[in-house]
Amino acid sequence: MKHQGIWVVAEQTVSGISRVSFELLAKARELKERGRVQAPVTAVLLGEKLDDYYSAKLKEAGAEAIILIDHPALRYFQNETYATVLKALAEQRQPSIILMGATAAGSDLAPTLGAKLRTGVSAHCVDMRLNEEGHLVAVVPAFGGKVLGDILCTNFRPQIATVRPGILGKVICYMNQECPIEQFDITEILAQDQGRVKAIGITYEEMKGVPLEEAELVVAGGFGIESKEIWQQLETLAAVLGGAVGCTRPPLDEGWAKECQMIGTSGKSVRPKVYIGMGISGATHHICGMKDAGLVISINKDEKSPIFDVSDIRITADAAAILPLLIEGLQKNEDDVIC
Amino acid sequence: MALNIAVCIKSVPDPKWYEKITIDIKTKTITRKGIPSIINPVDKNALEAALQLKEQYGGKVTVLCMAPPGAKNELYEAMAMGADEAALLSDLAFAGADTLATSYTLAQGLNKLGKFDLVLTGTESADGATAQVPAQLAEWLKIPHLWNVKEFVLVTEQEIHAKVKMDDAVGEYVIQLPALLAVSREVNKPRYTTAMGVMKARKKTLTILSKNDLELNESLIGQVGSPTWSGDISIPSLARKGQELKGTPEEIVTQLITKLRAAGINPAKRREGDDK
């Protein structure tokens with residue numbers, strides 16, 4: 001088969017490159033080495049003002065070749081433009097595998113590119129490997145993570161897959177290697193852009209405290225948090241412990257938490273050292289988002305809650321009764337430490 | 001300005017019943033016996049958005065679903081909510097389709113039903129959750145699309161201004177009609193079905209379209225038209241042994257703090273400490 005090599009489509013963010021791009025590069029290197037793939041792992045980055053910082057970062061994270069597509073028209077994510085550019089590039093270079101982060105942009109871009117190239121896309125993989133014939137085997141969750149299935153795309157190329165941020169977890173720092181950097185000119189491609197969709201701008205949400213995906217400790221609340229006052233105590237607990245606040249659907253619906261705080265298959269995947277779940281019963285789609293946490297502590301009134309099956313420490317109690325005592329106890333302890 | 005709107009919905013097993021799903025490892029089949037099917041929850045938001053547009057600007061709302069014949073119930077429910085017509089794409093030849101083949105079949109169904117100014121879908125399904133059909137449907141229809149739309153307004157007859165959920169951000173876009181929008185739960189609150197609605201729905205038209213009713217390239221439908229295929233399936237075991245902390249709330253908290261300390265978690269340094 002002509003198609004060769006693994007591509008990672010990296011994503012430019014307001015502060016650099018999204019972490020999932022680096023996670024994918026580490027995975028791509030692993031796939032390449034285990035599968036004895038000859039072609040270099042190639043990072044493709046679309047964006048604006050892509051200076052040396054970007055290529056240095058990609059190289060450090062494992063890219064063995066870099067294709068930069070730098071143009072003012074790529075400043076904001078515009079699916080139609082991005083997909084048209086990637087289609088042209090993929091048709092010209094014929095990679096075997098294209099990996100993307102299942103970010104908001106990647107989740108939209110991957111299927112569009114798949115349809116343009118008439119090939120298969122595996123969405124939101126939790127793991128991947130190459131089989132004996134060298135085909136990509138993507139492991140994807142269904143029914144909220146209750147079931148895992150292998151997805152293959154043996155007769156079509158490229159094989160496209162997206163992976164949710166944080167699922168692979170590992171970022172590896174590679175030293176001193178060859179890494180040719182190429183600029184890909186898209187003037188001609190852009191001339192054909194129909195301009196049916198125009199990006200006007202992007203507004204970033206104000207972030208409070210530690211980002212959920214990067215926190216070493218996560219305090220998450222669910223249906224069993226019965227009032228805004230108790231929710232605020234939960235936020236206090238997270239602040240006292242220097243952690244981040246996560247949630248399931250109910251606190252979001254109440255307006256106490258934000259969309260970016262939701263943990264689960266339709267939210268974020270977290271793997272903190274310690275996860276404290278309060279008033280969370282443990283629906284499969286939530287468990288799928290926190291199952292990789294180190295120590296799992298669960299506090300719930302109902303002793304039959306499924307969350308207890310996947311917990312290291314179980315506390316059958318009302319979160320409202322535990323929260324103030326825990327905050328007080330930790331603050332007292334803190335004074336002990338300082339004195 | 002009357003709008004001709006299509007809403008694509010999916011019939012999914014009720015997420016409340018996921019705990020009851022079992023799989024037969026030998027035959028690699030998923031048993032959803034006895035689990036009721038419902039309209040994929042976020043697809044109701046798409047339908048609600050269509051109904052609100054119709055109420056404001058006039059026009060027609062057509063609902064389309066590709067599924068086995070049992071999904072008629074979901075289409076009648078959509079008409080009870082207020083959709084004017086419904087069509088069910090149902091044929092054994094459509095079975096086993098991945099997102100590319102599904103979106104192709106839906107596109108051919110829409111092309112058969114008329115010329116739509118706007119196609120609305122939910123962002124993703126509760127069961128497969130690939131979120132890929134909206135983008136691919138737009139590709140087959142050769143119209144622009146936006147995915148993960150949380151808010152939108154029709155600014156002119158040809159243009160929609162939309163807010164799109166990004167990662168910790170909101171993107172703003174202007175999109176030309178005809179277009180497809182995949183909406184998220186935030187876009188509205190779907191209305192309830194009324195008894196009057198249910199009675200009216202019985203008099204509305206539900207068309208069943210099979211393979212022969214559509215202009216299809218047969219190499220693009222069903223299993224044959226699907227680049228991806230499923231290998232092994234499994235139910236992962238995530239069970240942890242677990243230890244229960246018992247006692248009065250005070251006793252529990254004392255034990256818990258000890259556990260947190262052992263895990264290397266200490267209270268965050270005090271602000272005044274940081275300043276020094």
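A:Leu152 sits opposite B:Trp229, a residue of β14(B). That places us right where the two chains of this predicted model come together: strand β9 of chain A, residues 147–152, pairs with β14(B). Here's a quick tour, starting from that pairing and working outwards to the interface and then to chain A as a whole.

**The strand pairing across the chains**
- β9(A) and β14(B) run antiparallel to each other, and 4 bridges link them.
- Another spot to look at is A:Gly149, whose bridge partner in β14(B) is B:Ile233.
- The pairing belongs to an open sheet of 4 strands, antiparallel, in the order β7(A)-β8(A)-β9(A)-β14(B).
- The edges of that sheet are β7 of chain A (127–130) and β14 of chain B; each has a single partner strand, so one side of each has no neighbour in the sheet.
- From one strand to the next, the twist averages 25°.

**The wider interface**
- On the chain B side, 68 residues make contact with chain A, and 78 residues of chain A are on the receiving end.
- Several elements of chain B give two or more residues to this side, including the helices α3 (99–113), α4 (133–141) and α6 (249–262).
- Strands contribute too, among them β9 (145–156), β10 (159–166), β11 (169–176), β14 (229–234) and β15 (243–244) of chain B.
- If you want one element to start with, pick α6(B): its 9 residues are the largest share of the side of chain B that touches chain A.
- As for chemistry, that side of chain B splits into 37 nonpolar, 18 polar and 13 charged residues.

**Chain A overall**
- Counting secondary structure, chain A has 9 helices and 17 strands.
- Its C-alpha atoms fill a box of roughly 65 × 45 × 45 Å along the principal axes.
- A compact globule of 339 residues would have a radius of gyration near 20 Å, and chain A comes in at 22 Å, so the two agree.
- Among the 339 residues of chain A, 56% count as buried.
- Looking at contacts in chain A with a separation of 6 or more, 65% of them join residues 24 or more positions apart.

Conventions:
Residues numbered from 1 in each chain as written. Chains lettered and ligands numbered in written order. Predicted model: local features only at pLDDT ≥ 70, side-chain atom pairs only at ≥ 80, totals over all residues. Contact = placed C-beta atoms within 7 Å. Nonpolar A, V, L, I, M, F, W, Y, C, P; charged D, E, K, R; others polar. Pairing = 2+ DSSP bridges. Axes fitted to C-alpha atoms, helices over the stretch in contact; angles between N-to-C directions. Rg over C-alpha atoms; globule rule 2.2 N^0.38 Å. Buried ≥ 20, exposed ≤ 12 C-beta atoms within 10 Å, placed from the backbone.
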